[in-house]
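This report covers a ring contact, two metal sites and one helix pair. The structure comes first.

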Amino acid sequence: MWRGLSALVTRPASAPLRLCARCSTGAESLVPGSTIFALSSGQGRCAIAVIRTSGPASGLALRSLTALREPPPARSACLRLLRHPCSGEPLDRSLVLWFPGEGSDPGAHGVCVRVSVNLHQSARVLPIVLTMLFAIQGPQSFTGEDCMELHVHGGPAVVSGVLQALGSVPGLRPAKAGEFTRRAFAHGKLSLTEVEGLADLIHAETEAQRRQALRQLDGELSQLCQGWAKTLTKALAHVEAYIDFGEDDNLEEGVLEQVDRDVRALEVALSSHLRDARRGQRLRSGANVVVAGPPNAGKSSLVNLLSQKPVSIVSPEPGTTRDILETPVDLAGFPVLLSDTAGLREGAGAVEQEGVRRARQRLEQADIILGMLDASDLASSSSCSFLDTVVAPLVAQSHDSGRQRLLLLLNKSDLLSANAPASSTALPPHLLLSCHTGAGMDALLQALKTELAAVCGDPSTGPPLLTRARHQYHLQGCLDALGRFQLTTDLALAAEALRQARRQLSHLTGGGGTEEILDLIFQDFCVGK
Ligand SMILES: Nc1nc2c(ncn2[C@@H]2O[C@H](COP(=O)(O)OP(=O)(O)OP(=O)(O)O)[C@@H](O)[C@H]2O)c(=O)[nH]1
Ligand SMILES: [K+]
Ligand SMILES: [Mg+2]
């Protein structure tokens, strides 16, 4: 038996079903809650296009396009001729998939729902009956609602014809961006961090981003948070029991001491996770790699080589690059925002000096600096000045954990004569390369990979990374609250600190999230997802 409104209203077998929004009247248009539809595969001509719906009128939509009396078997594909519900015009021969809820799926459980409603009672009774029915349906689909999918031929005329036909079914409207996923979240099918993982997976451009997003979609971060929340709930229960029953009742010995140990252990775990700092975020949005050095070292030549496109002008004239030129690249599977900068030197004209100022500013934002010198020109004043003012301070900080990382590159190795190597023991560790011959490029890529793995983290191993500033914010909030947890002072205050800490964790996974945050997150999706 079809669900949606048709399951609720009995009608004589002879009475025709009126399924077109423009021509239907009465009960059919009373379908509660909206049912959304959208093209879920990419736009444009393609072999197969996937169109889907979600909501209580999904069954009605499927029946009106396929003229089926019985639903197809749940969650398995079958071939059907689709027709426009008003004109009866054939639209396409399509694969049809039906995702009903398990509670009333006759194929799976043999449950059949048929309710008779007296027409003048319907306005009052229907909402109640529908609420009861919807409570038992829809859990075995992506959104948690009744869903159906049409896999049609991907020609634009077929797609627009089917979308138009769906729009004519009562209760159906086009979906907004991210609305399918938002419904899945609302029905508890995905936590907020899983939703974020799904958004990241859709946008993932590199290997490492895909791996990280998949782990987050699999719920690793939310499972970790749930484990922490469980520890806090237990601690809170024990503290509250102590407040209620006091010391003289039959409470186990050392309960509060155990709570204290658990909370301190949790603090350590949270701090170590937060120390991961921005690694997960860098992996999500790209590490900042900045190429810097004196004029004519070959910085733009290297940027063009790494990005495999002519991003920057290369010329023998010193001071060619003025503005920052950035280009996103995939380096060894890591997402990178690569910046070319003006050659650093004093005393040039006003425009070039502005370029130098911008270059220095960009250097401060770098995660990794590719410091480049001309190997055949190490004694020049601009080379010496770069070594003194940029390289030396970075080398001095090389033991700090949050430091910027430096790879010192000596370019133009092809200009060195074999018996006069540039490598000098006075220089910090460096790589010799030639943008002209390609010598040393493999070693540079290998070194870059190591540095990128250090600043982005390896998404295949270790605990799940915090991929957004939002994660860090709530985790820090949780840690701050735990810092206020003191058993030696007032137990009521200690309990309140635990409650606040728990609230921060639940915000992280989406419990009690405000609408604005949800809007921001779901904005990342396209229509149809
Ligand atoms: N022989 C040799 N010449 C190179 C090499 N790399 C770059 N050059 C040349 O060096 C000159 C300067 O190269 P650019 O890439 O423009 O140098 P830059 O550091 O970006 O220069 P500015 O933007 O002016 O600071 C060009 O003539 C390049 O062809 C190399 O490995 N060997
Ligand atoms: K140049
Ligand atoms: Mg340049």
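## Charge and rings

The charged end of R52 sits over the ring of F180, 4.5 Å from the ring centre; this requires CZ of Arg or NZ of Lys within 6 Å of the ring centre and within 35 degrees of the ring normal. The model is predicted: local features need pLDDT of at least 70 and side-chain atom pairs pLDDT 80 or more, while totals for chains, interfaces and linings use all residues. Side-chain values use heavy atoms, without hydrogens and water, residues are numbered from 1 along each chain as its sequence is written, and chains are lettered from A and ligands numbered from 1 in the order in which they are written.

## Metal sites

The magnesium ion (ligand 3) has S300 (OG) and T321 (OG1) as protein donors, 2.0 Å from the ion. S300 belongs to helix α11 and T321 to the loop between α11 and β8 (325–331), so the pair ties together parts 21 residues apart in sequence. Donors are N, O and S atoms within 2.8 Å of the metal (3.2 Å for Na, K and Ca); water is not among the atoms, so sites may look incomplete.

For the potassium ion (ligand 2), the protein donors are N296 (OD1), S315 (O), E317 (O) and T320 (OG1), at 2.5 to 2.8 Å. Their sequence spacing is N-x18-S-x1-E-x2-T. The two ions, potassium (ligand 2) and magnesium (ligand 3), are 5.0 Å apart.

## Helix pair

L302, L305 and L306 in α11 meet M441, L444, L445 and L448 in α14, with contact meaning heavy atoms within 4.5 Å. Helices are DSSP runs (H or I) of at least four residues, strands (E) of at least two, numbered from the N terminus.
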